[in-house]
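Biologist: I have a structure here and would like to learn how to read it. Can we go through it feature by feature?

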Amino acid sequence: MEYYCVIFLSITVFCNFLSLSSGNQTNNSSSMTLYGIGVVLDMGSSLGRMANNCISMAVSDFYSINRHYKTRLVLHTRDSMGEPLYALSSAIDLLENKNVHAILGPQTSEEAEFLVDLGDKARVPIVTFSVTTPFLSQEKTPYFVRVAINDNAQVKAIAAIVQAFRWRQVTLIHEDSNYGNGIIAYLIGAFEEIDSHVPYRSVISLRDTDDQITIELQKLMTMSTRVFVVHMSCSLASRLFLKAKELGMISKGYAWIITDGITSFLNSMDPSVIDSMQGLVGLNPYIPPSEELNNFTVKWQNKFPNDNQSGKLNELNVFCLWAYDAVWALARAYEEIGPRMSQPQKLKSWSKFTNLASISVSQTGSKILKAILQSQFNGLSGKFQLKDGQLEPVAFQLVNVVGNGVKGIGFWTPKHGISRELNLSDSQLYSTSANSLQPTIWPGLSAVTPKGWTMPVSGKKLRIGVPVKGGFTELVKVDRDLQTGAVSVSGFCIDVFKAAVENLPYALTYEFIPFADSNGSSAGTYNDLVFQVYLQVFDAVVGDVTITANRSLYVDFTLPYTELGVGMVVPIEIGKAKNMWIFLEPLTVDLWLVSGAFFILTGCIVWFIERKINDEFKGSRAQQVGMIFWYSFSTLVFSQREKLISNLSKCVVIVWLFAVLILTSSYTASLSSMLTVNRLQMLRKGSFIGYQYGSLIGEILNNLNFANSSLETYGSIEGYAHALIEGSKKGGVSAIIDEIPYIKLFLAQYGDQYTMMEPEYLTTNGFGFAFPKGSPLVHDISRAIAKLRADGELHKIQQTWFQDHSVFKKQESLTKPSILDSYSFRGLFLVTGTSSTLALIIFYVFLIKNKLTSEGQPQLCNRIAQEPLSDDSISMSAAALDISDHPTDNNISTEGEENLSDTDNGNQPS
């Protein structure tokens with residue numbers, strides 16, 4: 001009995017506990033505010049199922065952490081079945097019947113386009129985590145929120161990959177939808193910034209069959225570009241790459257780049273599809289590792305190990321993480337505005353749809369929208385912060401499809417460009433170098449970077465246009481066999497092109513096609529010929545085509561393979577100078593004056609040293625002055641007869657004679673040059689000038705205001721020579737102006753009669769080969785030309801066609817004789833002046849020494865300072881310095897003094 005009493009009491013207590021627990025739960029539930037959230041997903045897609053699971057887990061995780069929150073999200077899920085109209089119908093049902101305050105998840109761009117207008121009218125935020133097209137933005141639809149990265153954010157990263165591997169042409173393959181078309185304009189603009197071009201866009205529809213996809217890929221195989229950027233949904237991409245694999249396009253020489261919309265789903269694709277994508281390069285939004293992400297990944301794999309329909313491992317992708325973070329942002333936003341509900345207002349009739357008039361206008365939608373846009377927290381995908389209603393990318397991870405998955409090969413950030421690692425210093429510069437990436441495996445399991453361009457598999461030969469002309473056939477010559485009609489092309493330009501093609505790392509087939517009319521004559525000007533490339537009549541132009549800015553607007557030129565610039569040919573006619581004062585012109589005025597001053601100075605110093613010991617330097621003052629000038633200027637022709645006694649004066653004269661020898665030799669050479677100067681150094685007014693017919697030289701001369709009446713055109717080397725022989729007075733010309741290669745050909749035949757001058761303000765950019773805009777051949781041929789020049793092959797070709805005219809020079813010595821100035825001889829005058837000054841100083845030192853010796857008195861130093869030097873002391877000094885055969889006793893000094901006194905007294909009036 002006691003046993004049953006215990007059981008009864010236990011049951012009573014347990015029931016009371018359940019009733020209390022139930023009452024508490026009811027009270028807590030009644031104190032919370034419930035907000036309805038609409039979820040519109042395509043449950044038939046793997047992304048829709050994964051996103052739905054992530055959204056449910058996000059709600060559960062958020063409120064398990066934030067139990068104290070006064071608001072709760074209530075999810076109302078609808079299946080759009082991948083149809084935009086079903087998505088719209090589901091959204092209307094949610095707004096009308098469930099009174100939801102936000103709609104999460106329009107999964108595709110087409111669905112979002114229908115829902116964003118509805119959200120704006122109902123003032124309900126439309127929050128998406130998978131719609132990335134640039135066509136939709138908050139700027140156009142204020143209630144559109146993108147918890148994802150805009151597709152145009154990856155454009156710079158894709159362009160950086162193309163630039164890193166130096167690909168000049170890229171073919172775009174994209175889906176014909178709003179999602180596929182949205183990024184194309186941004187991609188083309190980014191490629192143009194790095195000087196890469198998009199010659200073709202391949203547009204594939206979701207409704208295209210596998211056969212239609214095969215036909216489109218076969219068309220791409222006939223083209224030259226081998227770099228493809230693919231932007232489409234993962235389902236269409238799977239079909240595309242399977243067909244590309246069958247056609248052999250996933251092989252060596254090809255390069256494929258896939259956008260993040262495909263890369264993000266690689267972990268959920270079928271193994272056969274992954275096998276067909278080996279060697280592809282893609283990019284993913286970078287998701288920083290965190291403890292929360294690791295815990296959620298483990299929880300996800302434990303809860304959803306396999307996809308229910310495919311049986312494949314259900315791995316997370318970035319879109320699911322964004323969906324998770326979007327739920328947290330909504331939950332935080334509703335908690336921020338709190339349990340404030342207002343009665344919704346009915347919409348006025350604004351649409352042709354019958355049941356839209358009954359939809360209410362949310363009174364909390366604007367507050368929820370503001371709270372979402374201002375929300376900041378650390379989510380599973382990284383830092384959650386919206387800018388302009390969408391996530392901003394921190395970085396993109398560059399990946400390489402290898403084996404059963406992908407491997408990271410580097411990163412791209414807006415600030416630093418391509419790098420192997422993140423967290424670079426602020427001083428790191430923006431890089432687009434392929435060396436900044438890890439080694440990459442390309443299609444065909446090749447480690448060699450694809451060139452990006454090659455001859456198409458079934459392509460035809462390149463049609464290369466060549467000019468047809470009558471003269472200067474050494475450059476380009478077209479011969480036609482009258483019987484067979486076969487055309488042969490030869491010349492310097494043709495040989496350079498052939499040599500460049502032989503240096504290419506691949507085979508290039510081509511044929512030369514003369515730019516001629518039915519009569520075999522030229523079909524137009526050089527500008528017309530170049531324009532044929534722009535019109536796609538020719539694939540290239542090879543010949544003596546000058547690189548100009550105007551032509552570069554329509555075609556791309558290779559590096560020039562000839563010398564740059566323009567020359568002027570004039571006859572070498574030696575004439576007599578008619579200037580009566582031409583003998584003064586070799587020296588400048590300052591050199592004449594300095595030379596004369598040194599003549600007089602040298603004569604004075606020699607006289608001063610010799611006048612007491614040398615009878616030839618004695619006499620009256622007039623005679624001595626005359627002796628100074630006579631002796632100094634006689635050294636000019638080395639005709640001095642006076643014998644010098646003092647060794648000091650001899651040293652002065654020797655140095656001076658050396659200086660005179662240099663001055664006279666330089667003067668003679670300069671005067672000879674002037675007397676044989678080219679008569680046509682300067683063209684006279686009214687002279688005629690010739691240039692080549694059809695050349696751009698005529699346009700240049702017209703731009704420099706040359707009168708058309710003074711210009712003549714010629715078409716051959718012989719025409720040039722005949723016109724120069726006749727001269728302007730006889731109907732010819734006084735000079736020929738043309739580009740350097742033509743002048744070299746002319747001087748190769750007539751170099752002994754003519755020379756070249758360099759006209760001012762005239763220049764050209766040399767000859768180059770013309771190709772269509774963006775053609776990869778431009779860079780390959782340019783590199784080949786540079787190699788020919790470095791290896792000396794280009795010089796050998798020039799030697800063959802220009803008859804070894806290596807002595808071709810601008811003869812400045814004839815056309816511009818040099819004039820000598822004092823600056824050129826400053827060293828010579830310095831040596832002469834130094835030697836003369838030193839001799840004078842030595843003379844004075846010995847003079848003072850002899851004076852002290854002869855006086856022998858202590859007060860002599862004071863007397864020397866107070867009294868001028870006497871003739872006796874000077875004579876003694878000169879005698880002391882004379883080490884010749886003359887007597888050296890004191891009588892020489894005394895006798896010389898008496899003779900000088902008598903002479904002086906004899907000239908003085910009594």
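Modeller: Start with one residue. At 2% relative accessibility, A160 counts as buried. A160 belongs to helix 5. Bear in mind throughout that this is a predicted model.

Biologist: Which residues is A160 in contact with, leaving aside its neighbours within four places in sequence?

Modeller: W412, I418, Y430 and T432. Take T432. A160 and T432 are 272 residues apart along the chain, yet their C-alpha atoms are separated by 5.6 Å. Now look at the protein as a whole. Among contacts between residues at least 6 apart in sequence, 72% join residues at least 24 apart.

Biologist: How many helices and strands does the protein have?

Modeller: There are 29 helices and 30 strands. The chain has 910 residues, and 48% of them count as buried.

Biologist: How far should I trust the model? What is the average pLDDT?

Modeller: The average is 81, and 81% of the residues score at least 70. Next, check the stretches with low values. Residues 1-29 have a pLDDT below 50, and this stretch makes 0 contacts beyond near neighbours in sequence. Residues 869-910 also stay under 50. For that stretch the model has 41 contacts beyond four places in sequence.

Biologist: Now the interior. Which residues have the most contacts inside the largest nonpolar core?

Modeller: L73, F129, F191 and Y334. This core has 88 residues. Helix 13, residues 318-337, gives the most to it, with 16 residues. Apart from it lies another core, of 53 residues. Among its members are W453, A721, L724 and Y750.

Biologist: Take F129. What is it in contact with, beyond its neighbours within four places in sequence?

Modeller: The list is L41, A51, I55, L104, G105, V147, A148, F319, W322 and A323.

Biologist: F191 was on the core list too. How do I read the helix that holds it?

Modeller: Begin with the general idea. An α-helix has 3.6 residues a turn, so residues three or four places apart point the same way. Now the case. In helix 7, residues 184-193, the buried residues are I184, L187, A190 and F191. Seen down the helix axis, they fall within an arc of 125°, so they line one face of helix 7.

Biologist: Which residues are exposed on the other side of helix 7?

Modeller: A185, E192 and E193.

Biologist: And what covers the buried residues of helix 7?

Modeller: The cover includes helix 5 (155-164), helix 6 (178-181) and three strands: strand 6 (171-175), strand 7 (201-204) and strand 8 (227-231).

Biologist: What should I look for in the backbone angles?

Modeller: Most residues other than glycine have a negative phi, and most peptide bonds are trans. Look for the exceptions. D195 comes just after helix 7 and has a positive phi of about 65°. D195 sits in the loop between helix 7 and strand 7.

Biologist: Is D195 buried, exposed or partly exposed?

Modeller: Partly exposed, with a relative accessible area of 40%. R166 is another case: its phi is near 60°, a positive value in a residue other than glycine. R166 lies in the loop between helix 5 and strand 6. At 67% relative accessibility, R166 counts as exposed.

Biologist: Loop residues can also be checked for burial. Where does T546 lie?

Modeller: In the loop between strand 23 (540-541) and strand 24 (555-557). T546 is buried, with a relative accessible area of 4%. Beyond four places in sequence, its contacts are R551, F557, L696, E739, T764, G766 and F767.

Biologist: What about a polar side chain in a strand?

Modeller: Take S419, in strand 18 (residues 417-419). S419 is buried, with a relative accessible area of 7%. A polar atom of its side chain lies 2.8 Å from the backbone oxygen of E421.

Biologist: Last topic, cysteines. How many disulfides does the structure hold?

Modeller: It holds 0. Check the sulfur distances. The closest cysteine sulfur to that of C54 is in C320, at 4.0 Å, too far for a bond; the cut-off is 2.5 Å.

Biologist: Are C54 and C651 buried, exposed or partly exposed?

Modeller: C54 is buried, with a relative accessible area of 0%. C651, at 48% relative accessibility, counts as partly exposed.

Definitions and conventions:
Residues numbered from 1 in each chain as written. Predicted model: local features only at pLDDT ≥ 70, side-chain atom pairs only at ≥ 80, totals over all residues. Heavy atoms only, no water. Buried < 20%, exposed > 50% of the residue type's maximum accessible area, 1.4 Å probe, protein only. Core = buried A, V, L, I, M, F, W, Y, C linked by side-chain atoms within 4.5 Å. Helix = DSSP H or I, 4+ residues; strand = E, 2+ residues; numbered from the N terminus. Contact = heavy atoms within 4.5 Å. pLDDT = per-residue confidence, 0-100. Polar contact = N/O pair within 3.5 Å; in protein donor to acceptor, adjacent residues only side chain to side chain. Arc of directions from axis to C-beta.
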